[in-house]
Amino acid sequence: MACHEASTSTKIKVKQQSITVGIIGNPNVGKSALFNKLTKGKAWVANWPGVTVEKKIGKINLGETSFEVVDLPGIYGLTAYSQDEIIARKFLIEERPEIVIQVVNAVNLERNLYLTIQLLEMNLKLIIALNMIDLAEKEGVEIDIHGLINELKIPIIPVVAIKEVGINQLLETMIEQIDRPTVSFKLDYGEEIEGAIEKISKIIDSFMGKLDLGIDSRWLAIRLLENDNDVVEQFRSRGLEEVIRESRRIKDELEARFNKSIEVLMIEKRYHYILSLSKKYIKRKPARESLTIFTNKLDRVLTHPIIGLMIFISVLYLLFKLSFDIVAPLTRLIEIFFSHYIYNLIKTSFLPDIISSLLADAILNGVGIVLIFIPNLLFLFLGISFLEDTGYLARAAFLFDKWMNKLGLSGRAVIPLLIGFGCNVPAIMSTRTLGTDRDRRLAVFMIPFMSCSARLPIYLLFTLAFFKENQIIVILSMYFIGVVIAIITAILFNNLLFKGQTVGYVMDMPPYLIPSAMNVFIKSWERVKSFLIRAGTIIVSLMVVIWVLSITGPEGYLGSEALSVPELLSRSWIASFSKLLEPLFKPFNWDWRIIASLMFGFIAKEVVISSLAVLYSAGEQGLPSVLLSSFTPLTAYSLMAFTLLYTPCMATAATIKTEIGLRYTLLIVSYQLIIAYTITYAILLIGGLII
Amino acid sequence: MGYDVGDKPLNVSPLSNIDEGKTVKIVKIVGGRGLIKRLYEIGLLPGAEIQVLRNSKHGPVIIRNNVSGTFSLGFGVAKKIMVEVM
């Protein structure tokens with residue numbers, strides 16, 4: 001009796017702890033949709049340890065039990081290629097979640113079952129959520145679920161994640177599974193391979209004392225035979241070189257006998273098993289009204305080399321129109337609210353001058369800059385997420401793959417690059433969808449050269465003053481210079497820094513679907529939130545630094561008026577640095593005021609104009625005439641080019657830092673400064689010869 | 001949808017050369033281990049029958065079959081998949 005009581009009390013203890021549930025599956029099977037339904041959209045985002053990829057976690061409380069559900073990146077199998085895939089794999093192997101839900105696409109179940117087998121081999125407690133069961137029916141796919149349950153001995157729950165069908169049953173199954181033992185699954189690889197697995201397992205067992213992986217030796221043996229680098233590394237780090245050597249020997253021996261790669265042989269064995277399952281439990285009848293047929297018909301048009309391209313350009317135009325023109329009043333409203341209303345409120349308060357300046361000029365200004373991005377970002381991400389969820393983005397990537405290939409990128413990179421013309425921040429954030437880290441970094445290096453909409457006011461001002469007749473041509477030439485430099489950057493870094501790691505482009509083309517509004521909204525809001533929190537803190541801190549450097553100088557505190565009084569500002573640290581840099585810009589004939597304005601331009605490119613206005617003691621209205629008297633057209637043009645190229649703005653730099661790390665951010669900024677200097681020099685040189 | 005391996009193929013060419021609309025059977029993948037594994041994992045392994053939906057012959061291709069669903073493969077990948085016209 002006492003014993004029984006003890007066991008119940010420990011059980012309650014266990015139940016009070018939260019149970020980790022990993023949600024895994026192939027890409028495009030509706031993982032996120034299921035995650036959103038399970039967690040009712042209440043999830044938070046953290047970072048995976050050591051990397052900048054986001055980890056989505058949600059909590060579900062069911063009576064006494066609470067589950068911590070983790071949304072994992074999509075994978076096809078345990079061989080990891082991109083950072084996303086490595087994370088998913090690591091989570092399964094190292095954190096061993098108590099329960100794993102594999103979301104499976106019922107329409108092409110066989111391909112999904114490959115991952116199922118690998119998960120079963122890991123002895124994970126698996127539940128299959130058989131998603132899109134309604135679509136499968138329409139496609140004429142009949143699945144004998146009971147047969148599959150009997151064969152695999154794991155729960156399989158038919159669900160339609162988007163329509164919330166089967167979610168309750170899935171939750172019930174999760175609770176049931178907590179106390180159930182894990183099913184041991186063993187796929188027969190045939191006599192020879194099984195012999196090798198057994199031999200390696202025995203060797204591993206003899207060292208088990210040193211191994212604290214908590215995974216059974218059969219699985220480790222299988223992974224060693226499959227040349228799993230990560231597992232090999234685990235052995236190496238524990239000083240078990242002997243195991244690696246022995247398993248290599250056994251593997252080589254076997255390969256010599258089969259005259260074939262063992263890895264390939266093992267994958268084939270798994271597929272043979274899947275096909276035997278498919279023969280028994282999956283029937284395909286010709287479908288009358290099928291999504292596949294519809295998708296194929298639509299694809300005839302949308303992936304057409306000419307018509308498809310024209311449609312893509314129209315779609316992109318609409319996206320930009322929507323996310324920049326339509327929200328412009330909203331952006332303006334935020335701007336007025338912050339930089340006029342609240343700003344004046346603080347400035348006219350009874351706070352000491354320095355405090356009100358810190359609050360208004362530094363912090364509020366920084367917050368304002370961050371918030372001004374929200375309407376654009378939200379609408380842009382809503383559009384992108386919508387297109388992504390319909391399946392259209394995969395087609396756009398296909399259309400551009402050939403061209404992007406020439407730059408060492410896959411077709412997917414076209415979306416982030418084009419978004420760069422709108423705003424570099426969302427462009428850099430959307431490089432997350434690119435396959436590998438290499439592609440991602442390469443795209444991030446190119447994006448800052450895409451002339452964003454914030455650079456346009458600078459071009460407008462200068463062309464209005466100096467190139468009234470050829471305004472459009474001069475502005476277009478800026479965009480052209482940016483694109484050419486981006487291409488050169490791609491070619492340069494492709495050959496220097498990111499050489500030879502290209503993985504072939506293999507991309508799922510999901511059927512066309514109408515996206516769920518909830519999914520699109522959650523996805524977009526998450527991205528905006530990530531910018532607000534992560535990049536936002538960096539931006540506000542940088543604003544404070546710039547503020548301090550403007551109101552203080554070598555002689556000490558100058559007073560907050562320094563921000564608007566040129567005489568005071570000329571004694572600030574920023575001015576001192578600019579004067580120090582003057583010799584460097586001697587060949588350009590730029591005085592310190594231009595250099596200082598460019599420094600302020602780091603805040604946001606359009607700030608160059610307002611800074612020039614302050615430093616040249618001209619209002620923004622009067623600036624063109626002041627510039628006309630102190631600039632030549634050539635200096636003006638070179639300054640435009642320099643502004644285009646010289647550095648990503650603060651918000652972009654902060655985003656680059658959160659996306660690919662500080663090291664690369666510093667590299668990008670220095671690289672851009674060198675490029676800007678070189679190109680400006682070249683423009684002045686060539687221009688000087690012509691004129 | 002059978003996955004027979006072994007029969008000597010008669011008419012083998014890279015997937016990148018196949019006309020749109022044709023159905024072919026994968027004979028061999030002549031790439032590195034990484035690519036082979038990736039393609040195998042999505043069900044594109046010797047013996048698999050695939051339908052070529054889109055192929056400009058100098059860019060990416062779109063293929064489909066019941067096991068894998070629809071995929072687009074880069075030109076470089078398509079060149080490495082040796083297929084037999086059915």
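This short presentation concerns helix α8 of chain A and its packing against a neighbouring helix, α11.

Good morning, colleagues. Please bear in mind throughout that the model is predicted.

I begin with the chain as a whole. Chain A contains 31 helices and 12 strands, and its C-alpha trace spans about 90 × 65 × 55 Å along the principal axes. Of its 691 residues, 43% count as buried. Among contacts in chain A with a separation of 6 or more, 70% are between residues 24 or more positions apart.

I now turn to α8(A), which covers residues 191-206. From first C-alpha to last, this 16-residue helix reaches 23 Å, close to the 22 Å expected at 1.5 Å a residue. Which of its residues are buried? They are A196(A), I197(A), I200(A) and I204(A). Viewed down the axis of α8(A), the buried residues fall within an arc of 100 degrees, and therefore line one face of the helix. On the other side, E191(A), K202(A) and S206(A) are exposed.

Against what does the buried set pack? Its partners in chain A are α9 (217-225) and α11 (241-258).

Let me close with the second of these partners. The axes of α8(A) and α11(A) lie 10 Å apart, at an angle of about 170 degrees. Angles over 145 degrees count as roughly antiparallel, so that α8(A) is roughly antiparallel to α11(A). The residues that meet include I193(A), A196(A), I200(A) and I204(A) from α8(A), and V243(A), I250(A), L254(A) and R257(A) from α11(A). By class, this contact has 8 nonpolar, 1 polar and 4 charged residues. Thank you.

Conventions: Residues numbered from 1 in each chain as written. Chains lettered and ligands numbered in written order. Predicted model: local features only at pLDDT ≥ 70, side-chain atom pairs only at ≥ 80, totals over all residues. Helix = DSSP H or I, 4+ residues; strand = E, 2+ residues; numbered from the N terminus. Expected span 1.5 Å × (residues − 1). Buried ≥ 20, exposed ≤ 12 C-beta atoms within 10 Å, placed from the backbone. Arc of directions from axis to C-beta. Contact = placed C-beta atoms within 7 Å. Axes fitted to C-alpha atoms, helices over the stretch in contact; angles between N-to-C directions. Parallel < 35°, antiparallel > 145°, perpendicular 65-115°, else oblique. Nonpolar A, V, L, I, M, F, W, Y, C, P; charged D, E, K, R; others polar.
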